[in-house]
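Let's read a structure together, one feature at a time. Have a look at it first.

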Amino acid sequence: PGIVDEGASRMADNEQKAMQLVADAEKKIKSAQGFLGSLFGSSSKMEEACEMYARAANMFKMSKKWSAAGSAFCEAASLHLKCGSRHDAASCFVDAGTCYKKSDPQEAINCHLKAIEIYTDMGRFTIAAKHHMTIAEIYESEVVDIEKAMSHYEQAADYFKGEESTSSANKCMLYVAKYAAQLEQYEKAIDIYEQVAASSLDNPLLKYSSKEYFFRAAL
């Protein structure tokens with residue numbers, strides 16, 4: 001019991017520290033937005049507020065306050081965008097999505113979509129594809145919407161194809177085929193298995209798998 005009490009006390013302490021950091025970050029933003037703040041280094045104050053939100057988010061994580069952690073990461077992401085740090089903003093949205101996945105799957109999806117928007121705008125399509133896969137996995141296991149999972153696997157596959165990542169694209173399309181068959185969209189499933197088999201024949205590393213995909217298409 002003593003160890004449990006000590007753990008609970010530490011978590012509560014971390015939560016208090018996190019809440020204080022959020023309050024300090026909000027004050028920092030207000031001072032940066034004031035007249036004097038605009039004259040004396042508002043950008044550095046915004047950067048300090050970003051760091052405070054990120055530290056708060058990690059404290060909330062240690063307290064297992066997942067929604068509060070996600071919210072703090074989102075605040076940090078918004079500030080990074082205002083400061084023009086798009087890559088940092090995208091990373092914070094991803095961190096927020098990871099936290100929200102434990103408490104609010106729909107909000108997790110929203111955060112990953114915001115990250116994807118930034119990554120595609122920056123031309124980082126492979127990273128965007130990976131986050132579409134993450135969203136698809138949330139739709140598979142948390143929200144349970146197979147059609148939306150299929151849609152995000154297809155989008156991921158498109159981005160992977162554009163980046164010449166045939167193996168990753170095929171992996172995504174096999175998920176699409178699997179769910180198409182579950183939804184009785186048999187023609188779509190067969191077409192995908194045949195396409196994957198054909199593309200596997202063109203690739204020496206994937207050639208051994210092509211027979212399996214042709215066999216699945218025949219089924």
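What follows is a short dialogue on aromatic pairs and helix packing.

Q: Before we start, what kind of model is this?
A: This is a predicted model, where local features need pLDDT of at least 70, side-chain atom pairs count only at pLDDT 80 or more, and totals for chains, interfaces and linings use all residues. Residues are numbered from 1 along each chain as its sequence is written, and side-chain values use heavy atoms, with hydrogens and water left out.

Q: How many aromatic pairs are there?
A: Rings of Phe, Tyr and Trp (its six-membered ring) pair if their centres lie within 6.5 Å; planes under 30 degrees apart count as stacked, over 60 as edge-to-face and the rest as tilted. That rule gives two aromatic pairs. Phe125 and Tyr159 are tilted, because their planes stand at 45 degrees, with the centres 5.3 Å apart. Tyr153 and Tyr175 are stacked, at 4.6 Å centre to centre and 10 degrees between the planes.

Q: Is Tyr153 buried or exposed?
A: Buried means under 20% relative accessible area, exposed over 50%, and partly exposed in between (1.4 Å probe, protein chains only). Tyr153 is buried at 1%, whereas its partner Tyr175 is partly exposed at 27%.

Q: What describes two packed helices?
A: The angle between their axes and the distance between the axes. Axes are lines fitted to C-alpha atoms, for helices over the stretch in contact, and angles run from 0 to 180 degrees between N-to-C directions. Helices (H or I, at least four residues) are DSSP runs, numbered from the N terminus. Here, the axes of α5 (residues 86–100) and α6 (residues 105–121) come within 8 Å and cross at roughly 160 degrees.

Methods
Helix = DSSP H or I, 4+ residues; strand = E, 2+ residues; numbered from the N terminus.
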